[in-house]
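Hello,

Here is the structure I promised to send over. Have a look at it first, and then read on for what I found.

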Amino acid sequence: MSKSVDHERQKARLRRQMRAMTGGSPKLHGLTERLMADRARWIRIPAGLLLILGGFAAILPIFGLWMLPIGLALLAVDLPMLRPGVNTALIRGRRWSDGMLRRWRDRND
């Protein structure tokens with residue numbers, strides 16, 4: 001398989017994961033779709049870098065570690081070398097959160 005086909009496959013997987021994570025909130029889903037569009041590259045890269053830098057300032061009240069994965073996900077759209085790791089982290093994170101939610105629901109029933 002050629003590298004360009006593999007990169008496109010990883011990019012499609014990243015887009016699917018982002019859609020799945022934001023599917024419950026129409027506003028968040030719309031924002032994510034606009035940021036993931038090819039024409040939004042000029043805003044996606046600086047936003048991703050700022051989120052990562054803000055994540056390193058986690059000791060401040062507004063900033064936090066929550067900014068790191070969002071910034072990496074935004075950068076992974078444009079940087080193929082980040083896609084495999086970000087895809088894996090998104091899939092594992094979704095599985096973990098689904099399992100936690102299921103356990104919480106079962107405990108409360």
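Let me start with a question: is D38 buried or exposed? With a relative accessible area of 55%, D38 is exposed, because anything over 50% falls in that class. Please keep in mind as you read that this is a predicted model.

**The salt bridges around D38**

D38 is a good place to begin exploring. Its side chain meets that of K11 in a salt bridge, with 3.7 Å from N to O. These partners bring distant parts of the chain together: K11 belongs to helix α1, while D38 sits in the loop between α2 (26-36) and α3 (41-56), and 27 residues separate them. K11 has a relative accessibility of 16%, so K11 counts as buried, the cut-off being under 20%.

D38 also forms a salt bridge with R15, where the closest N and O atoms are 3.3 Å apart. Here too, distant parts of the chain are linked, since R15 lies in helix α1 and D38 in the loop between α2 and α3, 23 residues apart. Put together, K11, R15 and D38 make up a network of salt bridges.

**A salt bridge between two helices**

In total, the structure holds five salt bridges. Another one to find on your screen joins the side chains of R44 and D78, at 2.8 Å from N to O. This pair also connects distant parts of the chain: R44 is in helix α3 and D78 is in helix α4 (residues 67-78), 34 residues apart. Are these two partners buried or exposed? R44 counts as buried because its relative accessibility is 1%. D78 counts as buried as well, with a relative accessibility of 12%.

**The positive patch**

Now turn to the surface. R9, R13, R16, R92 and R95 form a positive patch there. Which helices supply at least two residues each? They are α1 (3-22) and α5 (83-108). Of the contributors, α1 gives the most, with three residues.

R95 is one of the patch residues, and you will find R95 in helix α5. R95 has a relative accessibility of 61%, so R95 counts as exposed.

If you would like a route through the model, try starting at D38 and its partners K11 and R15, then move to R44 and D78, and finish at the positive patch.

Happy exploring, and do write back with any questions!

Best wishes

Terms used
Residues numbered from 1 in each chain as written. Predicted model: local features only at pLDDT ≥ 70, side-chain atom pairs only at ≥ 80, totals over all residues. Heavy atoms only, no water. Patch = residues over 30% accessible without salt bridge, like charges linked within 9 Å, V, L, I, M, F, W, Y side chains within 5 Å. Areas by Shrake-Rupley, 256 points an atom, 1.4 Å probe, with all protein chains shown as cover. Salt bridge = Lys/Arg side-chain N within 4 Å of Asp/Glu carboxyl O. Lys, Arg positive; Asp, Glu negative; His and termini not counted. Charge placed at Lys NZ, Arg CZ, Asp CG, Glu CD. Helix = DSSP H or I, 4+ residues; strand = E, 2+ residues; numbered from the N terminus. Buried < 20%, exposed > 50% of the residue type's maximum accessible area, 1.4 Å probe, protein only.
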